[in-house]
Amino acid sequence: MVTVTLLKECGAMLLKVTPKGSFAVFERLRAVLNDCDSIHERTQYMIETMLHIRQSKFVDYPIMLDELDLIDEDDQIAHLVQLNPENGRPYDPDLNLNVFKHDPDFEKNEAEYEEIRKEIIGDPDESEEEEAGAGGEESDEDETKMPAETTSGMEILDMTEQDMVAFRRNVYLTIQSSLDFQEAAHKLIKNELKPELENELCHMIVDCCAQQRTYQRFYGLLAERFCRLRKEFQVAFEQIARDTYYAIHRFDHTKLQNMAKLVAHLLTTVGREQFLSPIKMATERIVNI
């Protein structure tokens, strides 16, 4: 709500300059708040918050922030110009200032201006040298700290999953270059799989099978070989079968057919009923009316 935000920032000044105007504004907000049936809850909450801020005399929203580097009122030079001069004579627009005039004492005047500028804002060359010196000291400190940091050792985490991509590529090339499932299984087992990559290997075998135009018994025998090799692979393929069943509506006909034949092959060869755990079968009675 723009009104509440504006009152938060300018309410203290408005209360100081025109108390009656501030009172009228808050009375209008109070009238809107009383009509709670036609306003949103968020608007009601913002108006109530604004009324609490007014009761606290805008303590958290001062007229002028202390962080601002402002000129003191005693040092300010204000140029007051009246629209209607008292003597009735119009102001001189000083149009001659728009015309270039040669200054014979240009260098002298520039030197005086440079001295005045240095007194007010300082010498920029000196500030740059100080910053350069401070930067050099910081760089020296960083150089002294670098050997200690390098010797302590750092653990680098690869968030790009390049290792996983390389592993999947290696599995795919190994499967495609093998003559039969025994050679593929031997090559994959020879790679000394890490525990966290066993599930990914099973997913890769299933993905390769699903991407084929027709089902190939090669992938069923390969999955069977891994299931007989270790129980962890059986659990992984069972989990993949359950996930596939729950997301069966997302697969196309070819992928669904390949997945069904792969699960059927594992069900008939490995013979674990966990492959059918997500399927709930019930008898249906047909009543003739």
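**Group meeting: a walk through the helices**

Okay, let's start with an odd one: Phe58 is buried, with a relative accessible area of 4%. Phe58 sits in the loop between H3 and H4, and its phi is near 55 degrees, a positive value in a residue other than glycine. Before I go on, keep in mind that this is a predicted model.

Right beside it in the sequence is Lys57. Lys57 is placed in the loop between H3 and helix H4 (106-121) as well, and its phi is positive too, near 60 degrees. Is Lys57 buried or exposed? Lys57 is exposed, at 63% relative accessible area. As background, most residues other than glycine have a negative phi.

So how far do we trust the model? The chain has a mean pLDDT of 78, with 79% of its residues reaching 70 or more. If you go element by element, helix H5 (residues 124-152) has the lowest mean pLDDT, 57, while H9 has the highest, 89.

Now back to the front end, and H2 (residues 19-34). With 16 residues at 1.5 Å a residue, H2 should span 22 Å, and its end C-alpha atoms are indeed 22 Å apart. The buried residues of H2 are Ser22, Phe26, Leu29 and Leu33. They take up an arc of only 50 degrees around the axis, which puts them on the same side of H2. Over on the other side, Lys20, Arg28 and Asn34 are exposed. What covers the buried residues of H2? The cover includes helix H1 (2-17) and helix H3 (41-55).

H3 gets the same check. Its 15 residues should span 21 Å at 1.5 Å a residue, and the end C-alpha atoms are 21 Å apart, so that agrees. On the inside, H3 has Met46, Ile47, Met50, Leu51 and Ile53 buried. Looking down the axis, those buried residues fall within an arc of 160 degrees, so they line one face of the helix. They pack against H1 and H2. Turned away from that buried side you find Glu41, Tyr45, His52 and Gln55, which are exposed.

On to the other end of the chain and the largest nonpolar core. That core has 29 residues, and the ones with the most contacts inside it are Val171, Ile175, Leu201, Ile205, Leu222, Phe226 and Phe237. Six helices, if you want to follow along on screen, give two or more residues each: H6 (162-176), H7 (181-190), H8 (198-210), H9 (217-229), H10 (231-246) and H11 (253-269). H8 gives the most, with 8 residues.

If you only click on one residue there, try Phe226. Leaving out residues up to four places away in sequence, Phe226 touches Ala185, Leu188, Ile189, Leu201, Ile205, Phe233 and Phe237. There is also a second, separate core of 12 residues, and Val4, Ala12, Met46 and Met50 are among them.

Last thing, cysteines. How many disulfides does a search of the whole structure find? The search finds 0. For Cys208, the closest cysteine sulfur is in Cys209, at 8.8 Å, too far for a bond. Cys208 counts as buried, at 5% relative accessibility. Cys227 has its closest cysteine sulfur in Cys202, 7.0 Å away, and that is too far for a bond as well. Cys227 also counts as buried, at 1% relative accessibility.

That's my tour, thanks.

Conventions:
Residues are numbered from 1 along each chain as its sequence is written. This is a predicted model: local features need pLDDT of at least 70, side-chain atom pairs count only at pLDDT 80 or more; totals for chains, interfaces and linings use all residues. Side-chain values use heavy atoms; hydrogens and water are left out. A nonpolar core is a set of buried Ala, Val, Leu, Ile, Met, Phe, Trp, Tyr and Cys residues joined through side-chain atoms within 4.5 Å. Buried means under 20% relative accessible area, exposed over 50%, partly exposed in between (1.4 Å probe, protein chains only). Helices (H or I, at least four residues) and strands (E, at least two) are DSSP runs, numbered from the N terminus. Contact means heavy atoms within 4.5 Å. The expected span of a helix is 1.5 Å times one less than its number of residues. The arc is that of the directions from the helix axis to the C-beta atoms. pLDDT is the predictor's confidence in each residue, from 0 to 100. A disulfide is a pair of cysteine sulfur atoms within 2.5 Å.
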